[in-house]
Amino acid sequence: MDQNAGHPRRWGILGVLVFSLLAVVLDNTILNVAMKTIADPHAGLGATQGQLEWAINSYTLVFAGLLFTFGVIGDRTGRKRMLFIGMALFGLASLASAYSQDPMQLILARAAMGIGGAAIMPATLAIISNVFPPGERGKAIGVWAGGVGLAVAIGPITGGLLIEHFWWGSVFLINVPIVVISMVLIAAFVPESRDPKPSKLDPVGVLLSIIGLVALVYGIIRGGDLGTLANAEVIVPTVAGLLVLGVFVWWERRIDNPVFDVRNFSNVRFSSAIGMMGLVFFAMMGGMFFLTFYLQIVLGFSPIQAGALMIPFAAAQLIFAPLSQRVNQLFGAKLSATVSMLVVTAALGSYALMDVDTPVVLIEIIFFVQGAAMANIMPPATTAIMEALPREKAGVGSAMSNTVRQVAGALGVAVLGSVLSSSYRGEIASALPAGAPHTAGESIMQTLQFAGTLGERGHALIKPAFTAFVDGMHVTAMVSAVIGLVGVAVVAKWMPGKARPVQQAEQKEPAVV
């Protein structure tokens, strides 16, 4: 294959890869809509807020921890093969998730899904980078991001339809036919590719990263469950996680084949783009967690209605993601990313102004604006990250991008979920009757379930529960907005400005020499 011309069937291959990624993206967006039902002890599994956080984070932490290893294995043994194996694992784990009998089984099955997802994601971007020439790669990644936006768009409404007509496990079972069709298309159309000089595996780095991240996230979530940071159950795992991650960074700087090459962060374009992506996902994933309960419990929308309400957010990404490279070329990465980050931050901050009487039209407008702004952040950032590394290291490059994104998302759910939990627990405590079980104040779902056991007396708890949740959501939204402002500062300070035209750069080159 001519590397400059690209693969003759590259656009068809891109379509297959986008469809293959559909199951992975669908899974996360569908799960958001299903969380309220999974928390129900009768219609679901009776999961607590902490268990719901783990149902999300068990997937993302395993996903992030294994991305590099599978990226390297794919570069070594064949990316098509790795993509095929990943789809099979993802389908089997989805089947196990659908028929989980308790929250712990769901958490473990979700972790198994993370193994499959970790094999799929780096292979898709690596194959795109190998079948498309440099001149078309940015456009291809924009289409890829648009496909992700499509999955985000149909995920919530699909999840709502499934929850309305079937049992909660159907939101995972829907992955199976997608996986089967994807495997047939991959076998028929996707070419095999490898790195001629693949990196070595780093099992020590993988183990350190997973142990450190799991311990850190456990400590953060446990702090939210207990409503305090001054507890050995919070301090010990959090400090241990930070220490292990410190050892991980030391180890990665020391060896020749790091699983996460921290030396790449010396490249300003790479580090600013990946930092911006991490901060966006930290704030966004944490925000999505509380928005699910706000829409379905506080505002009283059904799962299908809540899913439909998320469509403007996803539709904006679908519309604007393919155009983002053009915006980036016209205004430069620094200006377009800084403005987009400011808009995202403003949208996150606006959730602190929402309450039980906020008009639905206003919520929809904010969702659309936030989605449009994010569409102008993710594709240029992904392109900058991929282009900062050699083409033959595409698997590792996409793994670095997705690792930061997934880790940031997991930390966002853990940190912002814990902020919400602590704030809610502190405010609802005074409204609970004497002798109420400890679990009654852990989340709004559990408070309402407890109120249901009290009969007529339980009605007095409903309004305080809504008020406590909305107040907790306001605090959480302001924390996420502050994180967004950090992202604005990072982009404004370090993201490179508008690139010089190639011809102009070539004309000036002899003078420099």
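**Exercise 1. The chain as a whole**

How many of the 513 residues of the protein chain, in percent, count as buried? State also the secondary structure content, the accessible surface and the share of long-range contacts in the protein chain.

*Solution.* The structure is a predicted model. Of the 513 residues in the protein chain, 59% count as buried. The secondary structure consists of 20 helices and 0 strands. The accessible surface of the chain comes to about 20,200 Å², and 68% of that surface belongs to carbon and sulfur atoms. For the contacts, take pairs of residues at least 6 apart in sequence: 82% of these join residues at least 24 apart.

**Exercise 2. Confidence**

Find which element of the protein chain has the lowest mean pLDDT and which has the highest.

*Solution.* Start with the chain average: the mean pLDDT is 80, and 88% of the residues reach 70 or more. Then go through the elements. Helix 20 (residues 502-512) has the lowest mean, 39, while helix 3 (residues 79-98) has the highest, 92. Over residues 501-513 the pLDDT is below 50, and this stretch has 2 contacts in the model beyond near neighbours in sequence. Where pLDDT is low, the predicted coordinates should not be read in detail.

**Exercise 3. Two helices and their lengths**

Compare the expected and modelled spans of helix 3 and helix 14, and list the buried residues of each.

*Solution.* Helix 3 has 20 residues, which at 1.5 Å a residue should span 28 Å; the end C-alpha atoms are 28 Å apart, so the two values agree. The buried residues of helix 3 include Met 82, Leu 83, Met 87 and Phe 90. Glycines are also among them, namely Gly 86 and Gly 91.

Helix 14 (residues 333-350) has 18 residues and an expected span of 26 Å; its end C-alpha atoms lie 25 Å apart, which agrees. Its buried residues are Ala 333, Ser 336, Ala 337, Thr 338, Ser 340, Met 341, Val 344, Thr 345, Ala 347, Leu 348, Gly 349 and Ser 350. The packing partners of these buried residues are helix 10 (268-298), helix 13 (324-331), helix 15 and helix 19 (459-494).

**Exercise 4. Two positions in helix 1**

Is Ser 20 buried or exposed? Answer likewise for Thr 37, and give the contacts of both residues.

*Solution.* Ser 20 is in helix 1. Its relative accessible area is 0%; the cut-off for buried is under 20%, so Ser 20 is buried. Leaving aside neighbours within four places in sequence, Ser 20 is in contact with Met 87, Ser 182 and Ile 186. Met 87 is one of the buried residues of helix 3. Ile 186 is 166 residues from Ser 20 along the chain, yet the C-alpha atoms are separated by 8.2 Å.

Thr 37 is also placed in helix 1 (residues 10-39). With a relative accessible area of 13%, Thr 37 is buried. Beyond neighbours within four places in sequence, its contacts are Ala 43, Gly 44, Leu 45, Ile 163, Trp 168 and Pro 303.

**Exercise 5. Gln 296 and Glu 192**

Determine where Gln 296 and Glu 192 lie, and which residues they touch.

*Solution.* Gln 296 is found in helix 10 and is buried, at 5% relative accessible area. Setting aside neighbours within four places in sequence, Gln 296 is in contact with Asn 32, Val 33, Lys 36, Phe 301, Pro 303 and Ala 306. Val 33 is 263 residues away along the chain, with a C-alpha separation of 8.6 Å. Pro 303 is a contact of Gln 296 and also of Thr 37.

Glu 192 lies in the loop between helix 7 (175-189) and helix 8 (203-226). At 33% relative accessibility, Glu 192 counts as partly exposed. Its contacts, apart from neighbours within four places in sequence, are Gly 78, Arg 79, Lys 80 and Arg 81. Gly 78 and Glu 192 are 114 residues apart in sequence, and their C-alpha atoms are 6.0 Å apart.

**Exercise 6. A nonpolar patch**

Which residues make the nonpolar surface patch of about 430 Å², and which helix gives the largest share?

*Solution.* The patch is made by Ile 319, Val 361, Ile 365, Phe 368 and Val 369. Helix 15 (residues 360-375) supplies the largest share, 4 residues. Phe 368 is located in helix 15 and is partly exposed, with a relative accessible area of 32%. Patch residues need over 30%.

How values were computed
Residues numbered from 1 in each chain as written. Predicted model: local features only at pLDDT ≥ 70, side-chain atom pairs only at ≥ 80, totals over all residues. Heavy atoms only, no water. Patch = residues over 30% accessible without salt bridge, like charges linked within 9 Å, V, L, I, M, F, W, Y side chains within 5 Å. Areas by Shrake-Rupley, 256 points an atom, 1.4 Å probe, with all protein chains shown as cover. Salt bridge = Lys/Arg side-chain N within 4 Å of Asp/Glu carboxyl O. Helix = DSSP H or I, 4+ residues; strand = E, 2+ residues; numbered from the N terminus. Buried < 20%, exposed > 50% of the residue type's maximum accessible area, 1.4 Å probe, protein only. Expected span 1.5 Å × (residues − 1). Contact = heavy atoms within 4.5 Å. pLDDT = per-residue confidence, 0-100.
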